[in-house]
Amino acid sequence: MSKTKGDSSAEGLIPERRTLPALRAAAADCRACDLWKLGTQTVFGEGPRRAEVLFVGEQPGNEEDLTGKPFVGPAGRLFDAALTEAGIDRTRVYVTNVVKHFKWEPRGKRRIHKKPNAHEIAACRPWLRAEIALIKPKVIVALGATAAQALLGPKFRVTKERGKFLESEFAPYVMATVHPSSILRAPDDETRREERRKFVDDLKKLARMIGK
Ligand code: URA
Ligand code: SF4
């Protein structure tokens with residue numbers, strides 16, 4: 001297949017030796033789409049090789065870009081607290097993103113998150129596939145629409161199907177829920193509390209599924 005800009009992908013960069021450190025090292029040099037120019041570093045997934053649950057977000061944000069770790073900013077802190085409430089230990093789950101570089105645009109002195117486009121998502125997909133193939137999680141949890149649609153198809157609607165354990169080619173079960181950032185963006189305190197409660201409920205279902 002010819003390599004045009006439209007079909008560039010990280011596929012050819014996946015190392016033969018499939019270990020997490022080897023994947024992480026190869027991804028650090030990825031230039032399969034233009035986002036490497038914008039981000040400080042590749043933010044690869046993190047967690048144990050034998051994790052039963054693999055969480056997938058959208059793409060790193062400002063703090064993730066600076067630290068090189070997924071879900072450590074405001075959304076990550078909400079995520080950690082919700083996991084704890086649901087009785088799930090974050091150190092036992094694997095956490096990653098659909099796209100591994102921070103995409104942003106300047107607003108004053110701040111860097112504002114910009115959604116990845118279909119080309120960037122497709123380019124980065126081999127990394128996510130390789131993480132899933134290596135870890136073989138029992139359950140994949142998609143956080144938000146970008147991750148849910150990357151795993152369950154473009155017609156998938158989180159609002160209709162959240163919290164359900166669905167069969168997929170990637171793992172015995174895929175469950176989608178909202179992205180923690182969407183909870184932070186709720187228009188008022190009451191909505192935020194309600195959305196957070198529903199998020200924790202989805203995570204409690206997950207805890208029951210994995211037998212915690
Ligand atoms: N949002 C995401 O989708 N992923 C992160 O790692 C941080 C914020
Ligand atoms: Fe590679 Fe993904 Fe970064 Fe694009 S976003 S350069 S595909 S790691």
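Start with ligand 1, where an oxygen atom sits 2.9 Å from a polar backbone atom of Phe-71. Keep in mind as you look around that this is a predicted model. The protein covers 93% of the 240 Å² of accessible area that ligand 1 has on its own. Phe-71 has company, too: a polar backbone atom of Glu-58 is 2.8 Å from an oxygen atom of ligand 1, and a nitrogen atom of the ligand lies 3.1 Å from a backbone N or O atom of Gln-59.

Now take in the rest of the surroundings. Ligand 1 sits in the largest pocket, and the residues around the ligand are Gly-57, Glu-58, Gln-59, Pro-60, Gly-61, Glu-64, Pro-70, Phe-71, Asn-97 and His-179. Sorted by class, that shell holds five polar, three nonpolar and two charged residues.

Next, move over to ligand 2. This one sits in the largest cavity. Around ligand 2 you'll find Cys-30, Ala-32, Cys-33, Leu-35 and Trp-36, then Val-99, Lys-100 and His-101, and finally Ala-123, Cys-124 and Trp-127. The class split here is nine nonpolar residues, one polar and one charged.

What about the space that holds ligand 2? The largest cavity contains about 110 Å³. It is lined by 15 residues, and those closest to its centre are Cys-30, Cys-33, His-101, Cys-124 and Trp-127. Those five also turn up in the shell of ligand 2. Helix 4, which covers residues 118-135, gives the largest share of this lining, with three residues. By class, the lining comes out as eleven nonpolar, two polar and two charged residues.

There is one more space to visit, since the count of cavities of 30 Å³ or more comes to two. The second largest cavity has a volume of about 40 Å³, and its lining is made up of Arg-125, Leu-128, Arg-129, Ile-132, Ala-150, Leu-151 and Phe-170. Two elements give two or more residues to that lining: helix 4 and helix 5 (145-152). Helix 4 has the largest share here, with four residues. Five of the lining residues are nonpolar and two are charged, with no polar ones.

So if you want one element to follow by eye, try helix 4. It gives the largest share of the lining in the largest cavity, and it does so again in the second largest cavity.

Methods
Residues numbered from 1 in each chain as written. Chains lettered and ligands numbered in written order. Predicted model: local features only at pLDDT ≥ 70, side-chain atom pairs only at ≥ 80, totals over all residues. Heavy atoms only, no water. Near = heavy atom within 4 Å. 1 Å grid on protein atoms, 1.4 Å probe; cavity = no way out; pocket = protein on both sides within 12 Å on 5 of 7 lines; lining within 4 Å. Sits in = over half its atoms within 2 Å of the grid points. Nonpolar A, V, L, I, M, F, W, Y, C, P; charged D, E, K, R; others polar. Polar contact = N/O pair within 3.5 Å; in protein donor to acceptor, adjacent residues only side chain to side chain. Areas by Shrake-Rupley, 256 points an atom, 1.4 Å probe, with all protein chains shown as cover. Points joined across faces, edges and corners; volume = space filled by probe spheres on them.
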